[in-house]
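Student: Could you take me through one part of this protein slowly? I'd like a close look at a single helix, and then some idea of what lies around it.

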Amino acid sequence: MRRVRVLAPLLAAAVAAGGVVWTAGPALAAGPTATFVKTSDWGTGWEGRITITNGGSAAITSWTVAFDLPAGTTVGTYWDALLTVSGQRYTFTNRSWNGQVAPGASVSFGFIGAGPGAPQRCTLNGVPCAGQPQTPGPTTAPPTTPAPTTPAPTTPAPTTAPPTTTPPTTAPPTTVPPGGDGLPRHFLTGYWHNFDNQAVELRLRDVPAEYDLIAVAFAEATGTPGAVDFGVDPGLSAALGGYTDAQFTADVATLHQRGKKVIISIGGETGRVAVNDAASATALADSMHQLIQRYGFDGVDIDLENGLNPTYMAQALRALRARTGSGLIITMAPQTIDMQSPSVSYFRLALDIRDILTVVHTQYYNSGTMLGCDQQFPYSQGTVNFLTALACLQLEAGLRPDQVALGLPAGPGAAGGGVVAPATVNQALTCLARATNCGSFRPPRTYPGIRGAMTWSINWDVTNGNSFARTVKPHLATLP
């Protein structure tokens with residue numbers, strides 16, 4: 001499910017706002033252009049956006065933007081592109097859903113940078129770029145945003161204040177939509193392995209009683225784009241001395257009798273479910289509905305680690321909910337990098353479906369170093385500051401507290417980095433809910449509705465003596 005992805009630390013330095021227009025090849029009347037602009041600058045870092053506009057007559061089928069950064073300038077978080085780095089050369093390539101650019105159309109990707117410089121020596125699809133920096137007139141203040149080349153985004157702009165600005169005073173939304181999700185006010189989620197690995201194998205009915213929501217990992221992609229299927233893994237069945245689909249279905253019913261909820265997760269580290277158009281969105285909704293009817297699942301978890309198209313995934317989830325009703329549980333388990341900015345695809349999806357979203361269990365591990373909602377300096381994984389400062393990003397950007405939970409590994413073996421003692425999870429939850437027992441980072445307000453915690457995984461927790469569930473679950477009952 002999880003893969004190690006460590007980002008370079010973001011260095012603190014002041015940078016100047018401004019934009020650069022790069023034109024591939026000689027200056028022509030028409031052709032592809034790449035435009036860079038710093039969309040925000042908080043003194044210790046900046047957010048940049050590059051927009052690729054196809055001014056030619058033929059469609060662009062894929063794109064690669066590469067540039068150099070001066071020594072001491074780095075890129076950390078990025079979205080809507082793939083990145084490779086060689087020294088100070090940064091190369092961004094398209095994702096599966098945004099590589100084709102029709103004549104007259106544009107696509108954008110973004111990133112968080114730090115250091116004294118800006119991109120230099122750009123190439124677009126291998127062709128050296130021409131053009132000069134935009135220079136304002138002597139009496140005109142430098143522009144802070146470029147003239148728009150694409151329709152305005154439908155997702156909210158980031159609401160995180162820069163470090164020199166007082167934290168926002170308007171409280172995030174707290175009203176829960178009618179209908180409810182049938183889960184406790186504060187609950188514990190765990191993933192159950194439908195595969196055989198080094199962790200203890202479990203029949204579903206043997207999940208420890210502390211877990212309120214069990215996410216079955218994973219539904220698998222089929223030959224039809226967007227469609228998924230599920231069955232008990234043969235390796236797991238053999239390890240358990242025989243475990244059939246019928247027994248699994250009976251176990252789902254048993255957990256329901258115990259007051260538990262069971263959902264099916266899509267994705268994982270090697271998951272290749274792609275929902276990039278209306279047809280694949282329909283295929284996902286149809287196949288998920290069939291699995292819910294067949295096995296009795298209460299909902300779906302989105303855990304795609306290889307790219308996500310928010311428009312069509314939202315379409316699929318809304319179609320599924322329309323067929324199953326308001327009781328459908330919808331959860332997400334993005335990597336930490338996917339929840340760094342409302343501009344990122346995963347974050348955009350969460351905001352776009354917040355009227356039907358149950359909870360986001362962000363994976364606060366395998367993450368390296370990241371900026372928190374104060375945007376002052378990076379926090380290292382495995383600390384209470386990391387958990388609280390990064391959860392604050394979502395809480396201040398539009399998600400309700402009951403839609404935010406902390407995802408952590410269940411001890412040794414469960415992740416490549418970011419393993420914390422369960423007591424640290426409790427400390428972070430208390431800090432967010434009551435503003436007490438915090439580290440050096442203190443959130444701008446309290447979030448008593450913070451939903452709870454998730455762990456990867458139930459199997460690893462049992463392997464490690466159930467320490468995570470037995471420590472965190474009782475603490476959830478003490479939260480307001």
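How many of the 13 residues of α7 are buried, and what does that say about how the helix sits in the rest of the structure?

Tutor: Happy to, but keep in mind that this is a predicted model. Let's begin with your count: 10 of the 13 residues of α7 are buried, so the helix is largely enclosed by the rest of the structure. Here "buried" means a residue has under 20% relative accessible area. If you want to find them on screen, look for Pro422, Thr424, Val425, Asn426, Ala428, Leu429, Thr430, Cys431, Leu432 and Ala433.

So what is doing the covering? The buried residues of α7 pack against two helices, α6 and α9 (467-476), and two strands, β20 (404-409) and β21 (452-456).

You can also check the length of the helix. α7 runs over residues 422-434, and at 1.5 Å a residue its 13 residues should span 18 Å. The C-alpha atoms at its two ends are 18 Å apart, so the model agrees with that expectation. Just past the end of α7 comes alanine 435, with a positive phi of about 60°.

Now let's follow one of those neighbours. α6, which packs against α7, spans residues 384-396 and is also part of what covers another helix, α5. α5 takes in residues 345-352, and since six of its eight residues are buried, it too is largely enclosed by the rest of the structure. Those six are Ser345, Tyr346, Phe347, Leu349, Ala350 and Leu351. Besides α6, their cover includes α4 (310-324) and the strands β15 (299-304), β16 (329-332) and β17 (359-363).

Have a look at arginine 348 while you're there, as it belongs to α5. Its side chain reaches the backbone oxygen of serine 343 at 3.2 Å. Arginine 348 also lies 8.9 Å from threonine 311, C-alpha to C-alpha, with their positions 37 residues apart in sequence.

α6 turns up once more when we look at the nonpolar core. In general, nonpolar side chains tend to be buried together in soluble globular proteins. Here, the largest nonpolar core has 133 residues, and Trp192, Leu204 and Phe248 touch the most other members. α6 gives this core its largest share, nine residues. As for phenylalanine 248, if you leave aside neighbours within four places in sequence, its contacts are Trp192, Leu204, Val216, Phe230, Val232, Tyr243, Tyr295 and Phe297.

Strands can be enclosed as well. Take β4 (residues 64-68): four of its five residues are buried, so it is largely enclosed by the rest of the structure. It pairs with β7 (residues 89-93) in the antiparallel sense over five bridges, and phenylalanine 67 stands opposite tyrosine 90 there. β4 is also joined antiparallel to β9 (residues 120-124), this time by three bridges, with aspartate 68 partnered by glutamine 120.

Finally, zoom out. The protein has nine helices and 21 strands, and buried residues make up 54% of its 480 residues. Among contacts with a separation of 6 or more, 76% are between residues 24 or more positions apart.

Key: Residues numbered from 1 in each chain as written. Predicted model: local features only at pLDDT ≥ 70, side-chain atom pairs only at ≥ 80, totals over all residues. Heavy atoms only, no water. Buried < 20%, exposed > 50% of the residue type's maximum accessible area, 1.4 Å probe, protein only. Contact = heavy atoms within 4.5 Å. Pairing = 2+ DSSP bridges. Expected span 1.5 Å × (residues − 1). Core = buried A, V, L, I, M, F, W, Y, C linked by side-chain atoms within 4.5 Å. Polar contact = N/O pair within 3.5 Å; in protein donor to acceptor, adjacent residues only side chain to side chain.
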